[in-house]
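Let's go through this one in question-and-answer form, with the coordinates open beside the text.

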Amino acid sequence: MAQKKFTRTINEINRKIKDGKVVVVTADEMVDIVKKKGPKKAAREVDVVTTGTFAPMCSSGAFLNFGHTKPAIKASRVWLNSVPAYAGVAAVDVYIGATEPAEDDPLNRVHPGQFKYGGGHVIHDLIAGKRINLVATSYGTDCYPNREIKKKVTLADLPYAVLLNPRNAYQNYNCAINLSKKTIYTYMGVLKPNAGNANYSTSGQLSPLFNDPYYLTMGLGTRIFLGGAKGYIIGPGTQHNPNAKRGKNGIPIEPAGTLMVKGDLKEMDPRWVAGVSMLGYGCSLAVGVGVPIPILNEEIALYTGISDDEIFTRIIDYGKDYPKGKASSLGLVSYAELKSGTIRFDGHDVSTVPLSSYVRALEIARILKRWIEKGKFLLAEAQEMLPTASSYITK
Amino acid sequence: MYSKMLSLRFPKTIVNEPVTVNLVKKFDLSFNILKATIYPRKEGLMVLELSGHRKNFQRGIRYLKGLGVKVESIGQDIRRDEDKCFQCGACTAVCPTGALYIERPEMAVIFDREKCSACELCVSACLARAMEVRFNKSLLY
């Protein structure tokens, strides 16, 4: 007799969460379970797999409304702790982008620049409850005559503050090396000459999109861990490329899927939203993201069981190729190799350097697991899935 | 083999004397000088890595102190703000002495102050700017 194909719905999982009977494991635990028991058995035993990632994610920022002033102003230029915010929206609405440096930053005039304070730091300081200097100027209108305001604000003073990140949790990213003869300072960190080190930035088997490579469980409305609070996926992120090259196991071997996410800044924890200074490159924001993967069938169980040695990325030269826009693969390397500390490149051992915090990623997966087990976090059904690979649709 | 990064401050009374060479001759120690300066008022400052057998090392330090040299360990002066550090590992790319390293398989980023040479490369390479110099910065410039 043919075995009945196993399926489970998000509603069924939520009922189990409410009854305190849900089985949740972290993605690294799921690797062992699938290896030992196989995806069929694992799917029947595990309801949810939690994932996590914590790394600089440049495409991040916050929408803030700072409330109407007396007399009223239509802010046309706004600075938060000297960092310009985009004010080309309604009168007292602004968007502060993570990579915007302070206006008086010397940038790369003395190379490599320090980029000590920028939009990411402003967002972190707001969440940490610090007072921020707000300056706004305007040309003045009949309804909003004020030309300039200066005030100190805290997150609690702001009527509205939402983290809205256009691109987070990249499904895969390049392993960066430098084949030129001088040290270079990139968004992938410091790269020493002659392939002196190899930098990478993902949490590998813990990473949200590596656990659901074809985006079968996520889309607009999926509830996630974002910055220490509940947040949501609101669609594919910028540069979302489901048709990136994939290995036989379906896992992309180059940058592929991305997420656009949002969450309430006022609920977040500064531990999970940290300003970042990248030497010689710029400012950014390290964001903690964790996505719960509901095990709806055996196929999803199989994907969540994929381990670091089955996930590969391309080695790219950031010394010469990448700046020219000609990033070509110099070979594939697995995350198990990258995490080991050295990779073999061109006959030499090259030490590897992570920019993504595996320690924090695991902490996120564990926090999310605890939230779900304790009934504090219910799964939310996506209203529209992320676009998947055309090869998957025709499968 | 015992090795430590030290800053030595010489009073002007002995700045003309051959002190470092005695560490080699009398105590069988080897050294690597990172910086040596004599200030306008004739006091000297030297930053060096001193290596050798632990007992000889201690005898050498006693010898220096006996001469009136102020000896300070430098590793204790670079600190990590544990709240700021989010354990990524970017610093391990630039750390020349292996004081910053990753413990596997946990992937925890460890800072071993004993091995730190206070070169400060990690200070600006740290994404979170968690590495702090807690002493007179002029020591190294």
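Q: In this predicted model, which residues does Ser59(A) touch, leaving out those up to four places away in sequence?
A: Start with where Ser59(A) is: the loop between strand E3 (53-56) and E4 of chain A. Leaving out residues up to four places away in sequence, its contacts are Asn165(A), Pro166(A), Arg167(A), Asn168(A) and Thr238(A).

Q: Is Ser59(A) buried or exposed?
A: The cut-off for buried is under 20% relative accessible area. Ser59(A) comes out at 18% relative accessibility, so the label is buried.

Q: How many residues of strand E10 of chain A are buried?
A: E10(A) spans residues 160-168, nine residues in total, and is mostly covered. The count of buried ones is seven.

Q: Which residue is the bridge partner of Leu64(A) in E10(A)?
A: Look at strand E4 (residues 61-65) of chain A, which pairs with E10(A) in the antiparallel sense over four bridges. For Leu64(A), the bridge partner in E10(A) is Ala161(A).

Q: Which residue in E18(A) stands opposite Asn168(A)?
A: E10(A) also pairs with strand E18 (residues 259-264) of chain A; the two run antiparallel and are joined by five bridges. Opposite Asn168(A), in E18(A), you'll find Leu259(A).

Q: Within what arc do the buried residues of H1(A) fall, seen down the helix axis?
A: Helix H1 covers residues 10-18 of chain A, and its buried residues are Ile10(A), Ile13(A), Asn14(A) and Ile17(A). They line one face of the helix, because seen down the axis of H1(A) they fall within an arc of 100 degrees.

Q: What covers the buried residues of H1(A)?
A: The cover includes pieces of chain A that are strands as well as a helix. Among them are strand E2 (48-50), strand E21 (292-294) and helix H6 (358-373).

Q: Which strands stand at the edges of the open sheet E6-E5-E8-E9 in chain A?
A: This sheet has four strands with antiparallel pairing, in the order E6-E5-E8-E9. An edge strand here has a single partner strand, so one side is left without a neighbour in the sheet. That picks out strand E6 (83-85) and strand E9 (148-153) of chain A.

Q: What is the average twist from one strand to the next in that sheet?
A: Take the four strands in their order, E6-E5-E8-E9. From one strand to the next, the twist averages 25 degrees.

Q: Which residue in E9(A) is the bridge partner of Thr137(A)?
A: Strand E8 (residues 132-137) of chain A and E9(A) are antiparallel and share six bridges. In E9(A), the partner of Thr137(A) is Glu148(A).

Q: What angle does the direction of helix H3 of chain A make with that of E8(A)?
A: H3(A), residues 119-127, packs on the sheet and touches strand E5 (77-80), E6 and E8 of chain A. Its direction and that of E8(A) make an angle of about 120 degrees.

Q: Is Ile393(A) buried or exposed?
A: Ile393(A) belongs to helix H7 (residues 390-393) of chain A. Its C-alpha is 9.7 Å from that of Tyr214(A), although the two are 179 residues apart in sequence. Exposed needs over 50% relative accessible area. With 60% relative accessibility, Ile393(A) therefore counts as exposed.

Q: How far apart are the centres of the two domains of chain B, taken over C-alpha atoms?
A: Chain B is divided into domain 1 (2-73) and domain 2 (78-134). Chain B averages a pLDDT of 87, and 93% of its residues score at least 70. Taken over C-alpha atoms, the domain centres are separated by 27 Å.

Notes: Residues numbered from 1 in each chain as written. Chains lettered and ligands numbered in written order. Predicted model: local features only at pLDDT ≥ 70, side-chain atom pairs only at ≥ 80, totals over all residues. Heavy atoms only, no water. Domains from an automatic or database assignment. pLDDT = per-residue confidence, 0-100. Buried < 20%, exposed > 50% of the residue type's maximum accessible area, 1.4 Å probe, protein only. Pairing = 2+ DSSP bridges. Arc of directions from axis to C-beta. Contact = heavy atoms within 4.5 Å. Axes fitted to C-alpha atoms, helices over the stretch in contact; angles between N-to-C directions.
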